[in-house]
Amino acid sequence: MNKNRTAGVLLHLTSLPGRFGTGVMGKEAYQFVDSLNEMNFHLWQVLPLTPVDFTGSPYCSVSAFAGNLSLIDPEGLLKDGLLTEEEVRENEYDGSIYQANPYFALTKRLEALRKAFGRINNDTKALVDLFTEQNKWVTDYALFMAIKDLHQLRPWWEWDEKWKKYESAKKHADELSAETDFYRFAQFVFFTQWRTLKEYANEKGVSLFGDMPIYVSLDSVDVWSNVSLFKINKKSLAPEEVAGVPPDYFSADGQLWGNPLYDWKAMDKDGYRWWISRLEAALKLYDTVRIDHFRAFASYWAVPAESKTAKNGEWQKGPGIKLFDAVKKALPDADIVAEDLGVFGEDVVKLLSDTDFPGMRVVQFGFDPDGDSTHLPHNYPKNSVAYVGTHDNNTILGWLWEASERERAFALRYCCFGGNNWGDGGSYSGSCRAVIETVWRSSADTAIVAIQDMLGYGADARMNKPGTCEDNWSFRLGPDALGKLDKNYYKEINRLYRRG
């Protein structure tokens with residue numbers, strides 16, 4: 001992370017406006033980069049770009065490496081001569097402009113990509129082959145998806161014996177070559193469009209700040225092709241313990257994520273090969289990578305697989321600094337941010353210190369009228385990333401409305417907000433600006449604000465409620481939302497607080 005004072009905006013691609021059921025890597029994304037440049041923001045933070053699950057979550061994916069095909073811009077395929085204008089129109093969504101529809105988007109994008117795939121020439125095929133050679137994960141991903149289609153999307157442990165075991169499936173891969181070729185092409189399109197967007201952003205002085213979930217999904221190519229690296233019963237193929245977190249700020253029962261846990265002893269034996277390759281791939285996508293739930297590298301919460309909540313877990317020791325020594329040796333220039341939020345002890349503090357990665361602070365967590373929280377801006381270390389709120393938080397206006405009277409009074413007084421109109425929303429909301437400026441004044445090298453808080457939106461615009469499965473990940477900006485940003489205001493506070 002840049003050690004100079006800087007600032008950025010959190011806006012996931014799916015939340016961009018547009019006509020294709022979800023935000024895409026199209027003109028709206030380029031216009032957003034232009035807006036960031038005009039406001040003197042130098043970071044654009046996005047959520048994971050991996051395929052999403054049935055709830056739309058990018059934190060539970062079939063691949064830790066692949067791109068989400070819904071984000072592909074159909075107009076880009078038109079420009080490449082691979083779609084017609086009528087086929088582009090078939091991707092248009094006639095539902096709510098304020099909610100992303102990942103199922104619609106993926107269905108339509110796959111249809112469009114299959115048409116485009118049928119029209120590629122030998123030059124494009126050669127580029128796809130080169131892309132595959134340069135990104136080794138693509139071959140296994142394409143085979144996994146082809147087999148999954150063959151089995152009507154059932155999880156890999158329910159596949160026929162011929163395909164269930166990775167070693168056996170590889171021997172029969174030629175039988176599915178047409179389908180694997182399609183998935184290789186689809187990923188080539190995704191990464192080509194993303195690379196073009198990233199290069200444009202970098203030219204405009206905007207770095208891409210990405211997010212990496214620490215865990216992977218059980219039903220993923222990552223587990224299927226590397227069963228020995230996970231705590232999974234090798235006969236039943238079922239996990240005995242799964243990931244989660246104990247009761248915390250977000251949930252009285254904790255959060256039962258259900259992801260398989262890593263076998264750190266097995267990973268240590270091969271020099272953490274899988275983690276190094278994962279970070280290497282992420283650093284091709286982004287300029288900076290935030291690792292979600294970083295504390296689990298020090299110690300992690302292991303929950304018996306049969307548990308209904310995360311209350312009954314226990315702390316187990318993670319790989320610690322040994323993993324990151326291997327990472328730094330292999331990737332000496334890796335720019336990593338540690339998401340060190342939640343319940344943690346001295347082992348996490350020591351690991352963060354040993355790695356020298358920036359940690360995170362979230363001002364919403366600091367507004368305890370009786371305490372001196374590390375999340376209050378006067379306590380922020382220089383080597384940290386300060387947030388008004390993350391994708392897991394309420395919007396700041398939503399928080400003010402839902403906070404207790406004492407919490408709200410303390411927050412407003414701390415942020416030097418006077419008057420009685422704290423509940424006013426919109427782009428000129430005085431209370432939202434007071435909180436943003438308080439974070440901007442802090443000593444943290446980096447400050448991040450979510451687009452919802454820049455626009456003064458309420459609780460109905462939050463991205464995710466941890467511990468719940470419904471009504472998440474669907475927030476979208478309306479077609480005129482970005483035009484309502486007070487660009488001069490953000491340009492000025494970035495200049496004033498030396499972040500621009």
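**Close-up views of a predicted model**

**View 1. Helix α5 against helix α9.** Thr124, Leu127, Val128, Asp129, Phe131 and Thr132 of α5 are in contact with Arg184, Phe185, Gln187, Phe188 and Phe191 of α9. Sorted by the character of their side chains, the residues of this contact of α5 with α9 comprise six nonpolar, three polar and two charged. The model shown in this and the following views is a predicted one. Two packed helices are described by the angle between their axes and the distance between the axes. For helix α5, which spans residues 122-134, and helix α9, which spans residues 177-203, the angle is about 85° and the axes are 9 Å apart. Because angles of 65 to 115 degrees count as roughly perpendicular, α5 is described as roughly perpendicular to α9.

**View 2. The surroundings of Ala201 in helix α9.** Ala201 is a residue of helix α9, and with a relative accessible area of 0% Ala201 is buried. Once the neighbours within four places in sequence are set aside, the residues in contact with Ala201 are Val33, Val206 and Leu208. This view can also be used to compare separation along the chain with separation in space, since Ala201 and Trp44 are 157 residues apart in sequence, while their C-alpha atoms are 8.8 Å apart in space.

**View 3. Helix α12 crossing helix α13.** Helix α12, residues 273-285, and helix α13, residues 321-330, cross at roughly 50°, and their axes come within 10 Å. The two helices, α12 and α13, are therefore oblique to each other. The crossing in which α12 passes α13 is right-handed. On the α12 side the contact is made by Trp275, Ile276 and Leu279, and on the α13 side by Leu323, Ala326, Val327 and Ala330. The residues of this contact of α12 with α13 divide into seven nonpolar, no polar and no charged.

**View 4. The open sheet that contains strands β4 and β7.** Four strands make up this open sheet, in the order β5-β4-β7-β8, and their pairing is antiparallel. Strands β5 (255-260) and β8 (314-317) stand at the edges and have a single partner strand each, so one side of each is left without a neighbour in the sheet. On average, and with direction ignored, neighbouring strands of this sheet are turned by 50° against each other.

**View 5. Strand β4 and its two pairings.** Strand β4, made of residues 241-245, is joined to strand β7, made of residues 299-304, by four bridges in the antiparallel sense. Along this pairing, Val242 stands opposite Val303 in β7, and Gly244 has Trp301 of β7 as its bridge partner. Strand β4 is also joined to β5 by three bridges, and these two strands run antiparallel. In that second pairing, Gly244 stands opposite Leu256 in β5. Of the five residues of β4, four are buried, so β4 is largely enclosed by the rest of the structure.

**View 6. Strand β6 with strands β3 and β9.** Strand β6 covers residues 288-291, and from this strand Thr288 and Arg290 point one way, whereas Val289 and Ile291 point the other way, with all of these residues buried. In a regular strand the side chains alternate between the two faces of the sheet. Strand β3, residues 207-212, runs parallel to β6 and is joined to it by four bridges, and in this pairing Ile291 of β6 is the bridge partner of Met212. Strand β9, residues 336-338, also pairs with β6 in the parallel sense, over three bridges, and here Ile291 stands opposite Ala338 in β9.

**View 7. Loop residues Asn40 and Tyr272, each with a positive phi.** Asn40, a residue other than glycine, has a positive phi near 65°, and Asn40 is placed in the loop between α1 (27-38) and β2 (43-45). With a relative accessibility of 26%, Asn40 counts as partly exposed. Tyr272, likewise a residue other than glycine, has a positive phi near 60°, and Tyr272 is found in the loop between α11 (264-269) and α12. With a relative accessibility of 4%, Tyr272 counts as buried, because buried means under 20% relative accessible area.

How values were computed. Residues numbered from 1 in each chain as written. Predicted model: local features only at pLDDT ≥ 70, side-chain atom pairs only at ≥ 80, totals over all residues. Heavy atoms only, no water. Pairing = 2+ DSSP bridges. Axes fitted to C-alpha atoms, helices over the stretch in contact; angles between N-to-C directions. Parallel < 35°, antiparallel > 145°, perpendicular 65-115°, else oblique. Contact = heavy atoms within 4.5 Å. Nonpolar A, V, L, I, M, F, W, Y, C, P; charged D, E, K, R; others polar. Buried < 20%, exposed > 50% of the residue type's maximum accessible area, 1.4 Å probe, protein only. Left-handed = near helix turned anticlockwise from the far one by under 90°.
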